[in-house]
Amino acid sequence: MQLATYQFDGRRFVGLVSDDRQSVTALDLPQNVAATGVLAVIELLAQGEALPPASGPALPLASVRIEAPLPKPRRNLWCVGRNYHAHAKELQTSVFKDNDANPESWPIVFTKVPECVVGPTDDITLPGAAISEQIDYEAELAVVIGKGGKNISRANAMEHVFGYTVVNDITARDVQMRHQQWDMGKSFDTFCPMGPWIVTADQLDGTSTRVRCWVNGELRQEGPTENLIFDIPTLIETISRGITLYPGDVIATGTPAGVGMGMKPPRFLSAGDVVRIEVDGIGAIENRFA
């Protein structure tokens, strides 16, 4: 199934998106519960509850405002750097120059604050030249945890996956390099557009799909998730070592080659640029930089 968070008539709803992605039907959730978006459904199912029944007629998607499926995640998003070989190579003399020369040693893991999440078509706010002049895009498949746990084994990791969504791990490269710890350069307001919905794991195999990114209509990134250096089970095993994962946690799995910083010369984003990211089997997000 495909679960979306959306606004209609001034209220937030969680609903099922039709197979043809033309309409959405609300689930019967109290308004205060629906306020957390799809997280409410993930938590209900994790507790052994049934999926809430549909309530009301199907609405055309064009008549509602699709939000991020998790409008404000319960805590920071887990993110993985240097997880495609070609991306590791394109930034080997900049972002990754101080990391282990062997990209297969350990995953690089950092976080983004929940407040940076915005919807799949929302504008992205450039912070201004006094703060950063090197704003970059990173197209990524994101894993959404459905069953919590700690010290999860690689063999059992996929049992903990609820589904998948799309994110753009937008980055202020100069801030990222200046502070070395990446969280600040990754966490500016609006720097994590997400959506357009969550596709559940019974409908999509995240280990075998394709991530693409266009900037102003130009294809910049394209990579199959089969090319991940650290696959999804390994990421879940690694991040859960000594750390409890909860239903609704998000793991962004890394970006393919083709980021702006990796070009010669680098090509960073400016006001008016439009970035579209699509993952096969999920859909696309498209955001304008303002």
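**Notebook: a four-stranded sheet and a pocket**

Entry 1. I looked up how strand β14 (residues 210-215) meets strand β17 (residues 274-279), and I found 5 bridges joining the two, which run antiparallel. The model I am reading is a predicted one. For a single pair within this contact, I noted that Val 211 has Val 279 of β17 as its bridge partner.

Entry 2. I recalled that strands of a sheet pair through backbone hydrogen bonds, in either a parallel or an antiparallel manner. I then asked which order the strands of the sheet follow. The sheet is open and has 4 strands, in the order β15-β14-β17-β18, with antiparallel pairing. At its edges I found β15 (218-224) and β18 (283-288), each of which pairs on one side only. I also recorded the turn between neighbouring strands of this sheet: it is 10 degrees on average, direction ignored.

Entry 3. I turned to the second largest pocket, whose volume is about 170 Å³. Which residues line the second largest pocket? I listed Leu 61, Ile 66, Pro 120, Thr 121, Pro 196, Trp 197, Arg 276, Ala 284, Ile 285 and Glu 286. By class, this lining divides into 7 nonpolar, 1 polar and 2 charged residues.

Entry 4. I asked which strand gives the most to the lining of the second largest pocket. The strand is β18, with 3 residues. Both β13 (192-200) and β18 supply at least two residues each to this lining. I therefore return to the sheet with one link noted: β18, an edge strand there, also contributes to the lining of the second largest pocket.

Terms used. Residues numbered from 1 in each chain as written. Predicted model: local features only at pLDDT ≥ 70, side-chain atom pairs only at ≥ 80, totals over all residues. Heavy atoms only, no water. Pairing = 2+ DSSP bridges. Axes fitted to C-alpha atoms, helices over the stretch in contact; angles between N-to-C directions. 1 Å grid on protein atoms, 1.4 Å probe; cavity = no way out; pocket = protein on both sides within 12 Å on 5 of 7 lines; lining within 4 Å. Points joined across faces, edges and corners; volume = space filled by probe spheres on them. Nonpolar A, V, L, I, M, F, W, Y, C, P; charged D, E, K, R; others polar.
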